[in-house]
Amino acid sequence: MRDFEYYAPTRIVFGRDKEALTGALLKRVGAKRAIVVYGGGSVSRSGLLERVGRSLSDAGIEYQLFGGARPNPTLKHAEEGARIAIEFGADASLAVGGGSAIDTAKAIAHGAANPDAALWDIWTAKTTLSKSLPVGVVLTIPAAGSEMSDSAVLTNTDSGVKKGLSTEFNRPRFAVLNPALASTLPKRQIACGVSDILMHTLDRYFTHTKGNPLTDEFAEALLRVTMDAGAKTYINPNDYDAISDLTWCSSVSHNGLTGLGAATDFVPHKLGHELSARYDVPHGESLTCIWGAWAMYVYMEEPERFAKFARNVFGIQEDDARAAAVAGIDAMVAFFRSLDMPVSLPELGVGEISDTDISLLAENSQRNSGEGFGSFKRIYQKDAAAIYAAASGCGARPRAK
Ligand code: NZQ
Ligand code: ZN
């Protein structure tokens, strides 16, 4: 086990109708005037936004609505939100929605607290963040895990870069998790969410760090419970018990617990961000279309780790480590398929992805994630290109040389 520091300070308020407590929770973090950030309108249609507004008013908190956060939220939109928050004199930022609204709310909090700094300079660490506004969350979709994470992701549409910022200031002060709010989710969003939850733990699990049994068992349990609850929720979005499990898995999968004390990899996420930046595909799809190709490319770095995954997560009975590893990868891909998720680039439905596109994606991955990124196997431009090519179906299932 490696040395670590663990700090996950988000107060979780879990259960039916708990959004009624939002005003009191904001008051508790000292807020008097909040900017309320939401997405494309699902929270207005469901009546949630009105209920949250009532809760804020009852607690004596004034608020300014700011909608329009879209999947793969943009820097421009967050900058506009920060301007509005400054004009309004906001002292807190509240997200009502999923990862896109939450990440926008986090960015607005940073921008509003640092009016003299350009938001992209903060994002690219040219300006060091030393203060922000408190962020609160009312979650509507189990998926990104942003409700407890220390990260936020924005797309700069001018440069075509989708980039995450990790900082303790991104940890929300509280998150209201009412699983029943997810019952209005379209099936595609449920599937994307389940896949993203799995990926936050998969991207931590494949590590060469040894002697970390508690973290490994947390991770394996989370993967099993997410698949079980995810499959049930996909069939019946009104299965409250299943969505409850899924919702808690969403938060725990990305709050650091399932990779504690180990080197983390996150290559599929980074390769996926390039796909979202270029084709604006939903985050979950950007991950499942690449994961199988990545796994086949890297498993020979330590087949025993993939075999452990196959045995403990899927119950695969196979003595040979390599055979078990491949069976585990196949089982994971089959699960994504069972949710009708794309498991190759052509299935993304963005038209033909040419060799030139693949070269550009690979080049950009180095520019945005560093030359030789990841830890299970360091990925250089030629590796990224090989993985994208394998995910395209040409030369499927390659192995790293
Ligand atoms: O925009 P509205 O109208 O609200 O509709 C949303 C959106 O179309 C809809 N939706 C959400 N809750 C709903 C609902 N529709 C009906 N009923 C509900 N209860 O679902 C669609 C997707 O929403 P979004 O917020 O984009 O989903 P998600 O939570 O998957 O967030 C994705 C974003 O989070 C980033 C992703 O890159 C992507 O930009 N991530 C953030 C992370 C973080 N901050 O820690 C980590 C992740 O790895 C991820 O990168
Ligand atoms: Zn993710």
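# Two positive phi values and a zinc site

Me: Is Ala125 buried or exposed?
Reply: Ala125 is exposed, with a relative accessible area of 58%, a value that comes from a predicted model.

Me: And where does Ala125 sit?
Reply: Ala125 belongs to the loop that runs between helix H6 (119-123) and strand E5 (135-139).

Me: What's its phi? I mean Ala125.
Reply: The phi of Ala125 is positive, at about 65°, although the residue is not a glycine. Most residues other than glycine have a negative phi.

Me: OK, switching to Asn72: what is the phi there?
Reply: Asn72, which is not a glycine either, has a positive phi of about 60°.

Me: Which elements flank the loop with Asn72?
Reply: That loop lies between strand E3 (62-66) and helix H4 (75-88).

Me: Buried or exposed, Asn72?
Reply: Asn72 is buried, because its relative accessible area is 7%, and buried means under 20%.

Me: New topic, the zinc ion (ligand 2): which protein donors does it have?
Reply: The zinc ion (ligand 2) has as its protein donors Asp196 through OD, and His200, His269 and His283 through NE2, at 2.0 to 2.2 Å from the ion.

Me: How are those donor residues spaced in sequence?
Reply: The spacing of the donor residues of the zinc ion (ligand 2) reads D-x3-H-x68-H-x13-H. Among them, His200 in helix H7 (residues 187-205) and His283 in helix H11 (residues 283-298) form a pair that links distant parts of the chain, 83 residues apart.

Me: Are His200 and His283 buried or exposed?
Reply: Both His200 and His283 are buried.

Key
Residues numbered from 1 in each chain as written. Chains lettered and ligands numbered in written order. Predicted model: local features only at pLDDT ≥ 70, side-chain atom pairs only at ≥ 80, totals over all residues. Heavy atoms only, no water. Helix = DSSP H or I, 4+ residues; strand = E, 2+ residues; numbered from the N terminus. Buried < 20%, exposed > 50% of the residue type's maximum accessible area, 1.4 Å probe, protein only. Donors = N, O, S within 2.8 Å, 3.2 Å for Na, K, Ca; no water.
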